[in-house]
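This report describes a predicted model. The sections below take up side-chain packing, strand pairing and pocket lining in turn.

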Amino acid sequence: MKKLVHGIIDFKKNMKPGHRETFTRLALGQFPDCLFITCSDSRVAPNVFASTDPGDLLVVRNVGNLIPQCGGNHGLSLSDESEGAAIEFAISTLKVENVIVCGHSECGGMRALYEGREKVQTPNLKAWLRHGEKALETLRSEKPQSGITPHNRLSQLNVLQQIEHLKSYPIIQSALKAEKLKLHAWWFELATATVHFFNPATRQFNEIEEKRAIEVIECAN
């Protein structure tokens, strides 16, 4: 808490002119390019690993970067409406053209899901993790992957499952049909600070690097 407060004071004292101008402009409105759905884990910092500025991303964070499915044509989420509301706001109001679901390695939520949701002692977390159950089923049905631990592989599969959950929302379906929206599955490796994107053509997560930039931008799930 001390670091946070002193950081705010330091920011105010040493705010660069460019930052002041940016926030003055943003006070008039926001025009983010992406809706970025990621985990609430404190180690996952998209503004750091993606070098973004204020106003670049509309960010939704929760344990496990989970997205409750839509319940049907009425467009309502089957669970808490928070994620659904952010999706609607991003698509209908802000007109974002990209939605990124970004999981990460050593995710506590995914580890808890892998070790057994029934073992989770706290009621809300136990209930919330049910939105990752289909990814766990996929993990159990596939052959073990070399070079990656089961809970990290679950984290990758969970990103792909949440993309499918996104597609259950009518507003997402309409935007995809009109070719006004792209969905992207990313995964952040904490130990190496590298970001990987899922290529549906190869069914693999590959590191985002300069030679793949165009491929990453054009790739959609």
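## Contacts of I87 and the nonpolar cores

Leaving aside residues up to four places away in sequence, I87 is in contact with L35, I67, L166, Y169, I171 and I172. I87 is also among the residues with the most contacts inside the largest nonpolar core, a group that further includes L35, I37, I91, V99, L166 and I172. That core comprises 27 residues. Two or more residues come from each of β1, β2, α4 (82-93), β3 (98-104), α8 (150-166), α9 (170-177) and β4 (182-189).

Another core, of 14 residues, lies apart from the largest one. Its members include C107, M110, V120 and A135.

## Strands β1 and β2

Six bridges join β1 (residues 34-39) to β2, and the two strands run in the parallel sense. Within this pairing, C39 is positioned opposite N62 of β2.

Strand β2 spans residues 57-62 and presents two faces. L58, V60 and N62 form the covered face, whereas L57, V59 and R61 form the uncovered one.

## The largest pocket

The largest pocket encloses about 390 Å³ of space. Its lining consists of 17 residues, and Q145, I148, R153, Q156 and F205 are those nearest the pocket centre. By residue class, the lining contains six nonpolar, eight polar and three charged residues.

Which elements each supply at least two residues of this lining? They are α8, β4, β5 (194-199) and β6 (204-207). Helix α8 makes the greatest contribution, with five residues; α8 also gives two or more residues to the largest nonpolar core.

Conventions. Residues are numbered from 1 along each chain as its sequence is written. This is a predicted model: local features need pLDDT of at least 70, side-chain atom pairs count only at pLDDT 80 or more; totals for chains, interfaces and linings use all residues. Side-chain values use heavy atoms; hydrogens and water are left out. Buried means under 20% relative accessible area, exposed over 50%, partly exposed in between (1.4 Å probe, protein chains only). Helices (H or I, at least four residues) and strands (E, at least two) are DSSP runs, numbered from the N terminus. Two strands pair if DSSP finds at least two bridges between them. A nonpolar core is a set of buried Ala, Val, Leu, Ile, Met, Phe, Trp, Tyr and Cys residues joined through side-chain atoms within 4.5 Å. Contact means heavy atoms within 4.5 Å. On a 1 Å grid over the protein atoms alone, a cavity is a set of points where a 1.4 Å probe fits but cannot get out, and a pocket is an open set with protein on both sides within 12 Å along at least five of seven lines; lining residues have an atom within 4 Å of a point. Grid points are joined across faces, edges and corners, and a volume is the space filled by probe spheres set on the points. Ala, Val, Leu, Ile, Met, Phe, Trp, Tyr, Cys and Pro count as nonpolar, Asp, Glu, Lys and Arg as charged, and the others, Gly among them, as polar.
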